[in-house]
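Biologist: Please choose a single part of this structure and take me through it slowly. I am new to this, so I would like to see how the small details fit into the whole.

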Amino acid sequence: MAKITGKQIAKSVVFTAIGAAPGTIWFFNAGTTQSIVIACLGALVAFGLSLPGVSAARVAGGTVGVIAANNAPRPLQGKIIDTFVGENESTENEQNTDPDKDADSSKN
């Protein structure tokens, strides 16, 4: 498990504040319940994007995939999701544990 650093905490706090800002400004101007919901959702999404291993490109790809699959015929939805999200993507933390295996396969 990765250690939580002060830098990561600061990043999460700043992202959460930025995400909640539009709803908070709206709340102080109009005072509606909708603005509270927007502030909470913005804070949640921004906090999620501030976590280690989460990239905006991955989130955008997943969002586009879900939207495209929702508008596609039912038999194609799974294929569209797999295309945009894909489970075979390697993460930044994965490393090749056996470098000799790659060297042997390149000799063939």
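**A close look at helix α1**

Modeller: Let us begin with the outside: the protein chain exposes about 8,700 Å², and 63% of that area comes from carbon and sulfur atoms. Please keep in mind that this is a predicted model. Of the 108 residues in the chain, 16% are buried. The chain has 5 helices and 0 strands, and reading along the sequence gives the pattern α-α-α-α-α. Take the contacts between residues at least 6 apart in sequence: 34% of them join residues at least 24 apart.

Now for the part I would like to show you, helix α1. This helix covers residues 6-30, which makes 25 residues. At 1.5 Å a residue, α1 should span 36 Å, and the model agrees because its end C-alpha atoms are 36 Å apart. Follow the helix along and you will come to a kink of about 45 degrees at A21, shortly before the proline P22. Just after α1 comes G31, which has a positive phi, near 70 degrees.

Next, which residues of α1 are buried? They are Q8, S12, G19, A20 and G23. Here is a helpful idea for looking at such a list: an α-helix has 3.6 residues a turn, so residues three or four places apart point the same way. The cover over the buried residues of α1 includes α2, residues 33-50.

Let us zoom in on one of those buried residues, Q8, which sits in helix α1. Why does Q8 count as buried? Its relative accessibility is 17%, and the cut-off for buried is under 20%, so Q8 falls on the buried side. Leaving aside residues up to four places away in sequence, Q8 touches S50, L51 and P52. You can find S50 at the end of the range 33-50 given for α2.

Finally, we can set this helix beside an outside record. An unreviewed UniProt entry places the feature "transmembrane region" at residues 12-29 and 35-54. In the model, residues 12-29 are 100% helix and 0% strand, with end C-alpha atoms 26 Å apart. Residues 35-54 are 80% helix and 0% strand, and their end C-alpha atoms are also 26 Å apart. To trace the story yourself, start at Q8 with its contacts to S50, L51 and P52, go on to the kink at A21, and finish at G31.

Key
Residues are numbered from 1 along each chain as its sequence is written. This is a predicted model: local features need pLDDT of at least 70, side-chain atom pairs count only at pLDDT 80 or more; totals for chains, interfaces and linings use all residues. Side-chain values use heavy atoms; hydrogens and water are left out. Helices (H or I, at least four residues) and strands (E, at least two) are DSSP runs, numbered from the N terminus. Buried means under 20% relative accessible area, exposed over 50%, partly exposed in between (1.4 Å probe, protein chains only). Contact means heavy atoms within 4.5 Å. Accessible areas come from the Shrake-Rupley method with a 1.4 Å probe; for residues, only the protein chains shown count as cover. UniProt positions are given in the numbering used here, feature names are shortened, and annotations may be inferred rather than shown by experiment. The expected span of a helix is 1.5 Å times one less than its number of residues. The bend at a residue is the angle between axes fitted to the seven residues ending there and the seven starting there.
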